[in-house]
Amino acid sequence: MYYYKFRVYYDEVEDFVRDIEILSNDNFENFHKILVSSIGLDGQELASFYVCDSKWNKQKEISLMDMGDDSEKEEPEYEEDDEFSLRSKLPISVMKDSLLKDFIADPHQHLMYEYDFLNPKVFYIELLKVLKEEEGVAYPRCTNKVKELPKTVKPNVLPNPDDGFLEELEEEDDLDDGFTDGIDDLDLSGFDEFKEF
């Protein structure tokens, strides 16, 4: 059995590198998992691999989940040259059903790994070597780790009850009550004159 040694780059962080070793008959889902753990991603977002040519042009997509709809809905029509169409023209496979050896056709195969489509992080992956499996080694594994992703702080969506925010809202509600008192008692009879318009 053989394993692949891949090098992973990330343009947003200078000198960012991960070296990943994974068996040739392993699937892309396990490749995804070792990337998530070695890079330091939370693993809660969707992701896709793209098989690329030597100039990084995408040729095939390997998605974490099958996003297709099995129901017999009619496909929308798209113009051939419609660059804004949401339909991908790439052949799509699913990671758990896709073995690496079936997609590696070049001794320096290029792959792209896109994580989190709302806030995309794109990693460039290049095959360095194909080597014979070493006895006693657990694959997949990360053998080289240089630099970390910058920490992103997620804002709190809900207010913290300890910071007094809820009390301020209650005080504002009390003020609003003073402005709405007696609104039902207003004489609106003069507004009839505008009906002609």
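Let's start with a cysteine. Cys142 is partly exposed, because its relative accessible area is 28% and that class sits between the 20% and 50% cut-offs. Now take Cys52. This one is buried, at 2% relative accessibility. How many disulfides does the count come to? Zero. As a reminder, a disulfide is a covalent bond between the sulfur atoms of two cysteines.

One caution before we go on. This is a predicted model.

Now the overall layout. The protein has two helices and eight strands. Along the sequence the order reads β-β-α-β-β-β-β-β-β-α. There are 197 residues, and 29% of them count as buried. The accessible surface is about 14400 Å². Carbon and sulfur atoms account for 49% of that surface. Then the contacts. Take those between residues at least 6 apart in sequence: 66% of them join residues at least 24 apart.

On to the interior. In soluble globular proteins, nonpolar side chains tend to be buried together. Here the largest nonpolar core has 31 residues. Which residues have the most contacts inside it? Phe6, Phe31 and Tyr113. Six elements each supply at least two residues of this core: E1, E2, H1, E3, E6 and E7. H1 gives the largest share, with six residues.

Look at Phe31 more closely. Leave out residues up to four places away in sequence. Phe31 then touches Phe6, Ile20, Ile22, Phe49, Leu100, Leu111 and Ile125. So Phe6 appears twice in this story: as a partner of Phe31, and among the residues with the most contacts in the core.

Next, a charged residue. Asp19 sits in strand E2. Is Asp19 buried or exposed? Buried: its relative accessible area is 3%, and the class requires under 20%. What does Asp19 contact, beyond its neighbours within four places in sequence? The list is Lys5, Phe6, Arg7, Leu128, Arg141, Cys142, Thr143 and Asn144. Note two returning names there. Phe6 is on that list, and so is Cys142, our opening cysteine.

Now the backbone. Two aspartates have positive phi. For Asp15, phi is near 65°, and the residue is not a glycine. Asp15 lies in the loop between strand E1 (2-10) and strand E2 (17-23). Asp116 has a positive phi too, of about 65°. Its loop runs between strand E6 (110-115) and E7. Which of the two is buried, and which exposed? Asp15 is exposed, at 51% relative accessible area. Asp116 is buried, at 10%.

There is also a cis peptide bond. It runs from Tyr139 to Pro140, with omega near -5°. Pro140 is in the loop between strand E7 (121-132) and strand E8 (141-146).

Last stop, the surface. A nonpolar patch of about 380 Å² is made by Leu46, Met65, Met67 and Phe117. Where is Leu46? In the loop between helix H1 (28-39) and strand E3 (47-52). Leu46 counts as partly exposed, at 30% relative accessibility.

To recap, briefly. The core has 31 residues, with H1 as the largest contributor. Asp19 is a buried aspartate in strand E2. The bond from Tyr139 to Pro140 is cis. And the nonpolar patch includes Leu46. That's the tour.

Methods. Residues numbered from 1 in each chain as written. Predicted model: local features only at pLDDT ≥ 70, side-chain atom pairs only at ≥ 80, totals over all residues. Heavy atoms only, no water. Patch = residues over 30% accessible without salt bridge, like charges linked within 9 Å, V, L, I, M, F, W, Y side chains within 5 Å. Areas by Shrake-Rupley, 256 points an atom, 1.4 Å probe, with all protein chains shown as cover. Salt bridge = Lys/Arg side-chain N within 4 Å of Asp/Glu carboxyl O. Helix = DSSP H or I, 4+ residues; strand = E, 2+ residues; numbered from the N terminus. Buried < 20%, exposed > 50% of the residue type's maximum accessible area, 1.4 Å probe, protein only. Core = buried A, V, L, I, M, F, W, Y, C linked by side-chain atoms within 4.5 Å. Contact = heavy atoms within 4.5 Å. Disulfide = S-S within 2.5 Å.
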